[in-house]
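Colleague: I have a model open and would like to read it feature by feature. Could you take me through it?

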Amino acid sequence: MSADAAEQTASQWKLPRAVQIQRSQEVLIEVDPNSVIRSAVPAALFGFNIPWMNFQRGYWRENQVRPEVIAWLKPFSGAVYRYPGGEWSNWFEWEKAAGPGSSRPEQYTTFGSTKAEFGFDEFLDFVKAVNGVPLVTVNLKGTKGAPWSDQQAVESNVEWLQHSVQREGRAVARGNAQFCQTGTKCPVEWWELGNELDWGKGAWTHTEYVNRAREVGLAMKNIDPAIKLIAHTTSSPWSTKRVIGEKPKARDFDSAVGAGLGDLAYGYAYHPYYDGISIPAANHYMERAINYLRPTASTGKPPPIFVTEHGRWPNQPKFGKWETTWIKTGNLGGAVSTADFLLSQMVIPDVRAAMWHSLGARGPWQLFYLDAAADALYPNVVYWALRVLREGLIGDALKVSVSSPNTSGYRGGYDVRAVFMRDSTHTRYSLLTINRAEKEQKARLLFPEWAGRKVKGQQYYVSGDSDALANTKERKNAVTMRSRAVGLRFDDAGQAEISLPAFSVSSIVITP
């Protein structure tokens, strides 16, 4: 069964119906003003994964984070920042990334050994500077070439937590408006138990992962019972490699992890990469993982999901270097894909946070590109698409039904996805959309409360005549966020026509 065909598989827990999109010959966005599908959509969905060395290589200069990076990230107040990254965390030695910078010894990275100048303490100060929320992925595995025993893993991570508590205090659950700020304490509440340890060379079985995660997790909870531990679900559950050799099937791994960790795990991490698989397919595999985990939870409720990595996957070409396709992760096509995925997460209450991969100046995913010759940084198109959606993040998500053609031929079966929001006072509204088609599309917005009315708003958007458009060192601002005033006239049935630019991410903010 293909990934897309698998979307139709029956399961116990179902994604909210607003995630589904119906096929039609025209675009219709129908809003139910009486049905809130998610209250207070969190800013935590606009987070970022930080591979520490990649961040240090491009965004750290003269013992500080470059000021333009701080300025570019401040509009995402409430975003979650994951440190020390993904695979980087599986041999990260926190002891060598704390204390006086001048005395820190070198430690292993994918690119050899180097000193962690952007260490744990610097990370926490950075999170405060951008008004973010920290999430830390602990090292369960050991150092490069020297795997740990259970006792060594427990000792190292307990000491890490103790260092964090001594510096910032014990974990305190934050509301949507209580983010870290410079000059205040920033306790780490979310601790992720390893990264994709069931994947790649030397993959662990579910028994190995559960045993190590349980030992470390219990010891950490003894130090600070208020922390929330996040275990990981199956890595790349859509891959055929999953059933080869010692790598267990997704059902076996997820079920074993849910049963073995039980209520010790507050939530679970999931890493979807698209558009090799479509956005609906990526959500299907999340739905399936939740159903494998759910019978093991004492509450009987779906567990919180933390998308600690996500992004558009650049397929490796049959000939030539993989680097030639990296641009696809951050061009206009990558921006539309990323926005499409985030819109789908906004209406799933069980998804608590999401982190785009990644904040770093190396590898396929780079939110800010480095022009080394000019010593200048510039944002990719994904950054501006996230800014567009952040403009429209104003409160509750109402139930929306979308009818869309598929002129783009997208595997997910649609051109348009939409989310409609309303603030708590019912005085501000927003419509967030993506359009995958290569042409502008006229859409009908049906909102019965505004029948016979004229309303005005501001439309923020990124768009272009090709989804291959990208920001480059020659054209650093080829695609950026634009805005324009819009007026909507609703007929007696409550319908108005709106324009969705070609290859676009759009937020229309309305104050009627």
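**Reading the fold, the pockets and the odd backbone spots**

Modeller: Start with burial: 59% of the 512 residues in the chain are buried. Keep in mind that this is a predicted model.

Colleague: What cut-off makes a residue buried?

Modeller: A relative accessible area under 20%. Over 50% is exposed, and partly exposed lies in between.

Colleague: How much surface does the chain expose, and what share of it comes from carbon and sulfur atoms?

Modeller: About 20200 Å² is exposed. Carbon and sulfur atoms supply 48% of that area.

Colleague: Now the fold. How many helices and strands does the chain have?

Modeller: There are nine helices and 27 strands. The radius of gyration is 22 Å, close to the 24 Å that the globule rule gives for 512 residues, so the chain is as compact as a globular protein of that length. Along the principal axes, the C-alpha atoms fill a box of roughly 70 × 55 × 50 Å.

Colleague: And sequence separation? What share of the contacts with a separation of 6 or more joins residues 24 or more positions apart?

Modeller: That share is 78%.

Colleague: Let us turn to the openings. What is the volume of the largest pocket, and which residues lie nearest its centre?

Modeller: Its volume is about 1500 Å³. The lining holds 49 residues, and E87, N195, E196, W199 and G200 lie nearest the centre.

Colleague: Which elements each supply at least two residues of that lining?

Modeller: Strand 10 (142–143), strand 11 (146–147) and helix 5 (206–223) do. Helix 5 gives the largest share, three residues.

Colleague: How does the lining of the largest pocket divide by class?

Modeller: Into 18 nonpolar, 20 polar and eleven charged residues.

Colleague: A pocket is open, but a cavity is closed to the probe. How many cavities of 30 Å³ or more does a search of the whole structure find?

Modeller: Two. The second largest has a volume of about 40 Å³. Its lining is E196, H232, T233, T234, S235, A269, Y270 and H271. Two of these residues are nonpolar, five are polar and one is charged. Note E196: this residue lines the second largest cavity and is also among those nearest the centre of the largest pocket.

Colleague: Next, the backbone. Where should I look for cis peptide bonds?

Modeller: Check omega. One cis bond joins Y83 and P84, with omega about 5°. P84 sits in the loop between strand 6 (80–83) and strand 7 (106–109). Another cis bond runs from H357 to S358, with omega near 15°. S358 belongs to the loop between strand 17 (351–357) and strand 18 (368–371).

Colleague: And phi? Which residues have a positive phi although they are not glycines?

Modeller: Look at S236 and F503. For S236, phi is about 45°. This serine is in the loop between strand 13 (228–232) and helix 6 (250–261). For F503, phi is about 40°. F503 lies in the loop between strand 26 (495–500) and strand 27 (504–510).

Colleague: Are S236 and F503 buried or exposed?

Modeller: S236 counts as buried, because its relative accessibility is 19%. F503 is buried too, with a relative accessible area of 10%.

Colleague: Which contacts does Q345 make beyond its neighbours within four places in sequence?

Modeller: Q345 touches R38, L45, N283, M286, V307 and V351. Its place is in helix 8 (residues 332–346). A relative accessible area of 0% makes Q345 buried.

Colleague: Now a loop residue. Where is A265, and which residues does it contact beyond four places in sequence?

Modeller: A265 is in the loop between helix 6 and strand 14 (267–269). Its contacts are L229 and A231. A265 and L229 are 36 residues apart in sequence and 5.1 Å apart in space, C-alpha to C-alpha. A265 is buried, because its relative accessible area is 9%.

Colleague: Last one. How far apart are G112 and W60, in sequence and in space?

Modeller: They are 52 residues apart in sequence and 18 Å apart in space, C-alpha to C-alpha. G112 lies in strand 8 (residues 112–115). At 27% relative accessible area, G112 is partly exposed.

Technical notes: Residues are numbered from 1 along each chain as its sequence is written. This is a predicted model: local features need pLDDT of at least 70, side-chain atom pairs count only at pLDDT 80 or more; totals for chains, interfaces and linings use all residues. Side-chain values use heavy atoms; hydrogens and water are left out. On a 1 Å grid over the protein atoms alone, a cavity is a set of points where a 1.4 Å probe fits but cannot get out, and a pocket is an open set with protein on both sides within 12 Å along at least five of seven lines; lining residues have an atom within 4 Å of a point. Grid points are joined across faces, edges and corners, and a volume is the space filled by probe spheres set on the points. Ala, Val, Leu, Ile, Met, Phe, Trp, Tyr, Cys and Pro count as nonpolar, Asp, Glu, Lys and Arg as charged, and the others, Gly among them, as polar. The radius of gyration is taken over C-alpha atoms; the globule rule is 2.2 Å times the number of residues to the power 0.38. Buried means under 20% relative accessible area, exposed over 50%, partly exposed in between (1.4 Å probe, protein chains only). Contact means heavy atoms within 4.5 Å. Accessible areas come from the Shrake-Rupley method with a 1.4 Å probe; for residues, only the protein chains shown count as cover.
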